[in-house]
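Dear colleague,

Here is the structure you are to take over. My notes on it follow below.

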Amino acid sequence: MATATAAKAPAPPGTDKLLTDLHVSYIQKLGQNKDDLAYHLTSHLRLNAIYWGFTALCVMGRPEALSREEMVEFVMSCWDEEAGGFGAHPDHDAHLLSTTSAIQILVMQDALDRLDVDRVVKFIVSLQQPSGVFSGDSFGEVDTRFLYCAVNALSLLGRLDALDKEKAVRYIERCRNYDGGFGSSVGAESHAAQVFVCVAALAILDRLDVVDVDTLAWWLSERQLPNGGLNGRPEKLEDVCYSFWVLSALSILNKDTEGGGIADRPGDMVDVFHTLFGVAGLSILGYPGLVDLDPVYCMPASIIEAKGLRKGWKALERRQS
C-alpha cells in the first residue's frame, strides 16, 4: 500500500450516518465518461469493479440501481472463448480474478443459465499447480488470492469436487506463519487481506481446523490503531478496506460526505473498491439499514443461504436506526 508523500489538506468533517443515496449515485456514475483517460487506464479492473459496485448496492439494499440486462450483457461480452474463462474487459485474456467476479455477478443476478459451466470449471481447475496453489492465468503468477477465487467460484457453481482439495488445504497450511496469520505464498509475511482469503477458503472447504484461532484472533485484533481504523500489517497506515478483511476473518472465526463513495482514509479520493469494503465492514458491524453480508463469499447472505452454502460465521446483531 503506497503511503502519502506530500501534506494533504485537512480532511472534511466526517459523519456518523451512511449517506446511502450519495454512495448509490457515485456507483451509478462510474464509467459513464468513456472519454476520461482514467476509464481506459482501469480497463484491467472493469469486471472486478462491477462486482464491487453491484455488491455494495446489494448490501445497501439498492440492487436495482444498475440495469440487470446491461450488466449481464457486459459480463458475457468479457468471455474468452479460447480459454473458457472471463477477462476483465472485452478482448482481454481470461484471468481467475475476473472469472470469479463474473460468476459472482451472474449468481447475484440469477443468470447462471448464460454460463457454460463445464468449460469454466475446466479453465479454473487447469490453473491448480502441483503444490495445490492456483495461478491467476496461463502466465503462471501464483498467490493465495487465486486459490480463494478458485474455491469461491467452484463452490458457487456446485463443483468443488473438481479441484484437489487436500493439496489446496496443505498449501494454505504451509502459508501459515508463527503469528497465526497467512501470507500470499509460502514464507511471505502475514497480511490481513491474505488472512481473509486463506480463512475464507478453509471455511468453504470445511477445514478451519488448520487455523490457530486464538493466535490469529489476537493478530487481527492488533490491526486496530488508536484512531479506530484498521491496517493490514504492523506499522502501516489504516485503510477502510481492512474493515472487511479483518472483521470478515474474525466473523468466520466466531470471535466476537460530498459526492458519495468511500475512500481508504479521510481526505483521500473515493473509489468503488473501498466503497464496497467500507460498506461491507459496516454490515458486519451491524450498522442499521444494511443487508446482511456473507463474510466468506463477500456476497449478500440471502443469496448464499439460498444456495445452501452458508458456513458457521457470526456477525454482530443488526442495530436499529
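In helix α8 (residues 165–174; helices are DSSP runs of H or I, at least four residues, and strands runs of E, at least two, numbered from the N terminus), the residues A168, V169, Y171 and I172 are buried (under 20% relative accessible area with a 1.4 Å probe, protein chains only; exposed is over 50%, partly exposed in between). Seen down the axis of α8, these buried residues fall within an arc of 160° (taken from the directions from the helix axis to the C-beta atoms), so they line one face of the helix. Their cover includes α7 (144–156) and α9 (192–204). At the start of α8, a side-chain oxygen of D164 comes to within 3.4 Å of the backbone nitrogen of E166.

This is a predicted model: local features need pLDDT of at least 70, side-chain atom pairs count only at pLDDT 80 or more, and totals for chains, interfaces and linings use all residues. Residues are numbered from 1 along each chain as its sequence is written, and side-chain values use heavy atoms, leaving out hydrogens and water.

The chain has a mean pLDDT (the predictor's confidence in each residue, from 0 to 100) of 91, and 94% of its residues reach 70 or more. Over residues 1–11, pLDDT stays under 50. Where pLDDT is low, the predicted coordinates should not be read in detail.

H95 sits in the loop between β2 (85–86) and α5 (96–108). H95 is buried, at a relative accessible area of 17%. Beyond its neighbours within four places in sequence, H95 is in contact (heavy atoms within 4.5 Å) with F86, F123, G136, D137 and F146.

Finally, A192, V195 and V199 in α9 meet L216, W219 and L220 in α10.

Regards

Key
Polar contact = N/O pair within 3.5 Å; in protein donor to acceptor, adjacent residues only side chain to side chain.
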